[in-house]
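User: Hey, got a few minutes to go through a model with me? I'd like the overall picture and then some individual residues.
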Amino acid sequence: RAFARLRGDVNESLKKSQVRLSVAKLIAPQDGLPLRDEFVALARRAYGSEVLPMDFRAAPRQVCGRLNAWVEQHTNGRMKNLLGEDAVSSDTRLIVLNAIYFKAWWNKKFSVADTVPEPFWTGKGGPVPSPTMRCEEGLRYGESDTVQVLELPYVDGAVAMLVVLPRNRDGLGAIEKDLDAPRILAWRSMLSAADRYTVEVHLPRFEMDTDMELCAVLRALGATDLFSPDKADLSAISPQKPLFLSAVLHKAGVIVNEEGTEAWAATGGFIAMGAPPPPPPRKVFRADHPFLFFITEQTHGSVLFMGRVMRPGKRAGP
């Protein structure tokens with residue numbers, strides 16, 4: 001119920017926005033596999049899932065092609081070949097896919113003329129030159145002894161990028177150790193709702209993609225029975241046995257440049273004459289070493305994408 005409510009709120013907040021956000025889900029069971037009516041109804045109602053039976057037994061490679069085409073369609077052509085040719089076999093009984101695509105312009109675009117090569121310290125030897133976007137404007141900003149936090153809003157203000165920069169060039173590992181939802185909320189709370197700073201921003205352009213197999217990650221988190229034909233209990237999905245999870249694949253990509261971001265895997269007063277107000281405090285945010293970024297929907301603070309930049313540039317890696 002909470003997810004359904006969140007999905008509705010996000011869709012409503014972006015309804016009149018220029019931000020493009022597409023989230024699609026597909027449940028593809030083997031044709032003839034009995035699915036629980038309650039599961040299908042819940043998947044459709046709460047998560048907006050499509051349900052499309054397919055015949056893995058007769059034509060696994062053709063099915064793989066259809067699933068890849070579905071992912072490519074729902075990521076605006078960015079995500080190609082999520083599933084390898086051998087990802088689907090005659091033993092496959094159910095595939096669940098999730099695709100998300102995001103594209104938005106900055107609320108105030110960076111000038112391409114201001115982008116110049118600046119050193120970026122990767123932690124492996126000396127710095128490497130990186131095309132770095134620059135601007136100076138009023139932005140929400142926060143800082144502590146360990147990090148600087150900057151919010152870069154997209155057009156309409158419904159979505160924003162939160163950039164978390166460690167104070168130390170080699171400090172990313174330390175802040176990632178404690179990375180969880182409360183920590184992200186704490187970073188967001190460092191941004192003053194009312195006060196803005198004049199921030200001199202130096203942010204490298206970056207483009208990256210990543211893919212990973214998540215079975216080991218899920219096992220490390222304690223989800224071990226799910227991968228065992230003898231222990232897995234998926235009876236709430238289907239009465240057929242034995243059903244177990246055999247693979248979990250994840251791919252994602254993001255492009256950040258002067259125009260904005262593309263990602264795929266938001267009172268009156270009385271007037272009187274007086275002295276002019278003092279200028280807002282000035283800060284320098286120079287992202288010249290590894291940092292974290294979060295693309296967040298602003299109504300609830302939901303994280304749509306998150307990643308780390310270790311070395312900017314095209315296809316920078318995970």
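Analyst: Sure, here is a quick tour, from the whole chain down to single residues.

User: What should I know about the model and the numbering before we start?

Analyst: It's a predicted model, where local features need pLDDT of at least 70, side-chain atom pairs count only at pLDDT 80 or more, and totals for chains, interfaces and linings use all residues. Residues are numbered from 1 along each chain as its sequence is written, and side-chain values use heavy atoms, with hydrogens and water left out.

User: OK, how many helices and strands does the protein have?

Analyst: Six helices and 14 strands. Those are DSSP runs numbered from the N terminus, with helices being H or I of at least four residues and strands being E of at least two. The C-alpha trace spans about 75 × 55 × 35 Å along its principal axes.

User: And what share of the residues is buried?

Analyst: 42% of the 318 residues. Buried means under 20% relative accessible area, exposed means over 50%, and partly exposed is in between, using a 1.4 Å probe and protein chains only. As for the surface, the protein exposes about 17700 Å², and carbon and sulfur atoms supply 52% of that. Those areas come from the Shrake-Rupley method with a 1.4 Å probe, and for residues only the protein chains shown count as cover.

User: How far apart are the mean positions of the positive and negative charges?

Analyst: 1 Å, for 40 positive and 37 negative charges. Lys and Arg count as positive, Asp and Glu as negative, while His and the chain ends are not counted. Each charge is placed at NZ of Lys, CZ of Arg, CG of Asp or CD of Glu.

User: Let's go inside. Which residues have the most contacts inside the largest nonpolar core?

Analyst: Phe 102, Tyr 154, Val 159, Phe 291 and Ile 295, in a core of 39 residues. Strand 5 (residues 128-143) gives the most to this core, with five residues. There's also a second, separate core of 17 residues, which includes Ala 24, Ala 28, Cys 64 and Met 79. By nonpolar core I mean a set of buried Ala, Val, Leu, Ile, Met, Phe, Trp, Tyr and Cys residues joined through side-chain atoms within 4.5 Å.

User: You mentioned Cys 64. How many disulfides are there?

Analyst: Zero, going by a cut-off of 2.5 Å between a pair of cysteine sulfur atoms.

User: Why doesn't Cys 64 have a bond?

Analyst: Because the closest cysteine sulfur, in Cys 215, is 16 Å from the sulfur of Cys 64, which is too far for a bond. Cys 64 counts as buried, at 4% relative accessibility. Cys 215 is buried too, at 6%.

User: Back to strand 5. Is Tyr 141 buried or exposed?

Analyst: Tyr 141, which sits in strand 5, is buried, with a relative accessible area of 3%. Its C-alpha is 39 Å from that of Leu 26, and the two are 115 residues apart in sequence.

User: What does Pro 166 touch?

Analyst: Contact here means heavy atoms within 4.5 Å. Not counting residues up to four places away in sequence, Pro 166 touches Thr 146, Val 147, Gly 171, Leu 172, Ile 175, His 289, Pro 290 and Phe 291. Pro 166 is in strand 7 (residues 159-166) and counts as buried, at 1% relative accessibility.

User: Where is the cis peptide bond?

Analyst: From Lys 241 to Pro 242, with omega near -10°. Pro 242 is in the loop between helix 6 (215-220) and strand 10 (249-256). For context, most peptide bonds are trans.

User: Switching again, how about Asn 98: which strand is it in?

Analyst: Strand 3 (residues 94-105). Asn 98 is partly exposed, at 45% relative accessible area. Leaving aside neighbours within four places in sequence, Asn 98 is in contact with Val 23, Ala 24 and Lys 25.

User: Last one, the two ends. What are Val 10 and Ser 302 in contact with?

Analyst: With the same four-place exclusion, Val 10 touches Leu 21 and Glu 297, while Ser 302 is in contact with Leu 6, Ile 295, Thr 296 and Glu 297. Val 10 lies in helix 1 (residues 2-13) and is buried, at 8%. Ser 302 lies in strand 14 (residues 302-309) and counts as buried, at 17%.
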